[in-house]
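This report describes how a structure is held together, from its cores to its helix contacts. Please keep the sequence and the model in view while reading.

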Amino acid sequence: MVAQNIFFGILSAIVILSALRMVTTRNIVHAALYLVAVLAGLGALYVLLTAEFVATTQVLVYIGAVMVLFLFGIMLTKAPLGNAMEMTGKQWPIAAGVAALLGGVIVYSLVNHFGSDRLVTDGPIYRTADVSDEVFSTYIVPFEAVSVLLLAALIGAIVLARKD
Amino acid sequence: MLLNQFLILGAALFAVGVYGVLARRNGVMVLMSIELMLNAVNINLVVFGVQHGVVSGQVFALFVIAVAAAEVGVGLAIVLLLYRNRTSIDVEDFDLMRG
Amino acid sequence: MWMLENAFLIPLIPAISFVVILFFGKRYIGADRVHVVGITALSLVWLLSAVAAFQWTQRVENPTPDAVVQIEHHGDDHGDDHGDDHGDDHGDDHGDDHGDDHGAAVGDSEGGHGGGHSSPLIRPVISTFSQWWSNAGVDFAVGTFVDGQTVLLLMVVATISLLVHIYSTEYVKGDRRYLHYYAFLSLFTASMLFFVMAQNIIQLIVGWELVGVCSFVLIGHWWEEKPNTDAALKAFLTNRVGDVGLLVGMIVLWGTFQTFDIDAINTLISTNPGAHHLALLVAACCLMAAVASKSGQFPLHTWLPDAMAGPTPVSALIHAATMVVAGVYMIARLYPVFYEGFSIGTSSINLMAFIGGFTALIGAGLAFAQWDIKKVLAYSTVSQLGYMVMALGVGAWTAAMFHLFTHAFFKACLFLGAGSVSHAAHHTFDMREMGGLRKDMPHTYRTFVISSLALAGIFPFAGFWSKDEILLGSLVGQQNGYPLMLIFGCAVALMTAAYMTRVIWYTFHGEFRGHGQPHESPKVMTVPLWILAGMAVVAGAFNLPGPVLEPIGLEGLAHRIQTYAEPSVYLNGLGLSHPDPSLTMALVGLALALSGIVITYLYYWRRRGLHGLTERNRYARTGYKVLENKYYLDHLYNDVVVDTVKRPIAKWANDFNQNVLDRAVNTAGETARDVGRWVYKWIDQGAIDGSVNAAARGADSSGEGLRSIQSGKVQNYGQLLFGAAAVLAIVFVIVV
């Protein structure tokens, strides 16, 4: 147990710090890289939680595709590289307050409800095969729907971004 | 390990993501903050799946990832269009609905 | 006695004539032929009245048992009958005037002294037709009351009215309102006849007022000229003043006796004389006021000379013979009230006698100062009415009614004669423009002289007998004589003869001072004059005293009026006594009248005596001036009494109107205007418009204020969204 706690601590520290840094940095490319760090840390956390396929998908899709997409977007929108624009809006205190409030409420209710519940660690371990079994049996319809959704998104993105 | 560790981590990530959505000026930044929020949700899903001993948590996390990807695609397309029309992706410049 | 019971027909006929003339005269009969209706009606009335008179005499001569008042025992003194309400003396009134000592117990009925057949007491014929109205135990009936007095007046009214109707066909020929004249003559006759047979005091009052109204209408017949309307109003209003007394007196009578019925009242008084003395005195005094106004007694006589503004036949009918005697008639009808109220039986001067005598005196005095022939006759009427009232005041009931009877004829003849004279003298009545008409108007002259002699009281004309009875009555009285009244009566007898001679001198003798050629009036005017003059000669025969007829053995015909007309049913209970005829008194009266004539004859015909006294003597001039101004009574009434009341009231009313009413109205108007302005400024514009504007401004500014939320920036909306979500979450978490 101790090892898991240590790893959790390190990983969550990385994630939190990266996230915070991401929303405060002036450099947008740095922000993208910080996001990569967050995503990677989260992938590691998934492994910690014995959700190997999710971790894999996270790395592949999120970091590999989504972040690349983001970088393409940054490039195409000619975001000034380096510390050029003021990145944070004028009303950031309000946003901070709202975020803090929201976070506070959620944390409070979590602490209130779950208190000191321990994570079940001796439950069944589901590996990729179990996940795929589940997807293609119980959740086959959502799976197909998501594929249609992806198709729609694909087509939509193309339509939107066409030049003519 | 406490259950709450993961959940509070998720809550914190969510809060940070909210802050990013509300406070960042660059449109792409806003989208990235939305990704942050979605990841916070993912953590929650997986943790609860483990807690309750079902596999649905992981399945839903997968679906979320897929949807997030689609959403980013379309979102960036829109940001691109915005940039094409207005030459700026500063969200503070888009106040046509003002009044 | 069919006519007596159905006597209501007699006033009904002229009433129908009035309606016919007024409503159907113009279209169906012809406005200048309505006199046919009137004369027909009056002829019928005269016939019915004659029948009634005849039937009444039959009733007195041969009474049926129920017509006679039953006597149960012979009482000694008047006022002694208990137990029965009828007079107690049986066979008293005929034998009464023979040697009956005045003052002794009249009610004794020991076979009547002086022999003669005793006549029973005859009840009047009372027919009640309906209980007209009944309220809280008080019953109002309508009916007729016919007795000798009624019948006497019926004949007088019918005769004179008929003659006036005939005379008027010529006198008011071509008049602008010929139709209405005849209509109201009929109405007047109907009213007077109704009055004369009134069964209860309510009917009496109704008839009284009706004749007053007709008098008003007929005096103001030529109302286009203001003096005529003034005279009519004066007549009516002066009568109104007296009518207050009438109403109060009648109410006192009702209050005392709880009945309106005349028969009941008279019976109650006559069977119980001495009771209710104070009430009867009060009632009598109030009724005297009414008599003073209607019958021209002092001090309410002032209207009668002015009433001469009406047509002369009207003056003859109303203001000589019939209406003005309504007061005298009322006293005679309700005689027990006055007899007991004024204690006529025991006093030697009382209010009624004094007023009567005094009126007679001042009326005669004023007749000397008039140049208008009708005014002389009017004052003469005042004076003669005074005689009648005086007679009633001294207890000479029959004398008064007899004088009423004779006076009606000769006074009407004098008035119609004056009308005839004015016809010849171009419608003037001023004696200074007449003169010498004796030659041109023989009929008028002779009838006028006959009537004047009758008025003066020269033997053997009618006035001699009636005036003599009045003087005798005042000499002897009831228990005491009335010396002052006697003096008044004698003085007036002299003056009456004097002023009538003066009138004859100015009108008929000397040279004609007017213009034009006078001529005699047509027959339709002179025939009534002769009829009336004939009555003036023979009317005395109706009540001759016994000693006159004894020599010719016609004693049974003595005192016919007394026998038939006197209501002994009531008067015997009161103990009314009749004086014995006195030759001395008769000769004294005759001497006075003759001396009046002689003095005047000497003054005018022979131009002897005190001519031009008023120019030489200051006192004489003042006295003449007082007479000319009618003792300044008119000035007193109009300027002093009326003005004193009228002026402050008018001034107060004007002040009230200006200062209170107008000011209130103006203030109300100004206040309304100011309130309107204030409301407009502060409420309409200030409050209402202000609030509306403020609401609009509020909406505007709040909108402006809230506008800042809509920044158009997505992140702001996002902040709001998440913030709200957080708050909701807090609410749900904490609260729930």
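**Nonpolar cores**

The largest nonpolar core (buried Ala, Val, Leu, Ile, Met, Phe, Trp, Tyr and Cys residues joined through C-beta atoms within 7 Å) has 216 residues. Ala52(C), Val328(C), Phe338(C), Leu392(C), Ala400(C), Ala412(C) and Ala536(C) have the most contacts inside it. Helix H16 (residues 397-424) of chain C gives the most to this core, with 18 residues. A second, separate core of 77 residues includes Phe14(B) and Ala51(A).

**Basis of the model**

This is a predicted model, in which local features need pLDDT of at least 70 and side-chain atom pairs count only at pLDDT 80 or more, while totals for chains, interfaces and linings use all residues. Residues are numbered from 1 along each chain as its sequence is written, with chains lettered from A and ligands numbered from 1 in the order in which they are written.

**Two helices side by side**

The axes (lines fitted to C-alpha atoms, for helices over the stretch in contact, with angles from 0 to 180 degrees between N-to-C directions) of helix H1 (residues 2-24) of chain A and helix H1 (residues 3-23) of chain B come within 9 Å and cross at roughly 10°. H1(A) and H1(B) are therefore roughly parallel (angles under 35 degrees). The residues of their contact divide into 11 nonpolar, 3 polar and no charged.

**Buried residues of H1(A)**

Among the buried residues of H1(A) are Phe8(A), Ser12(A) and Met22(A) (buried: 20 or more other C-beta atoms within 10 Å of the residue's own, C-beta atoms being placed from the backbone).

Methods: Helices (H or I, at least four residues) and strands (E, at least two) are DSSP runs, numbered from the N terminus. Angles under 35 degrees count as roughly parallel, over 145 as roughly antiparallel, 65 to 115 as roughly perpendicular and the rest as oblique. Ala, Val, Leu, Ile, Met, Phe, Trp, Tyr, Cys and Pro count as nonpolar, Asp, Glu, Lys and Arg as charged, and the others, Gly among them, as polar. A residue is buried if 20 or more other C-beta atoms lie within 10 Å of its own, exposed if 12 or fewer, and partly exposed in between; C-beta atoms are placed from the backbone.
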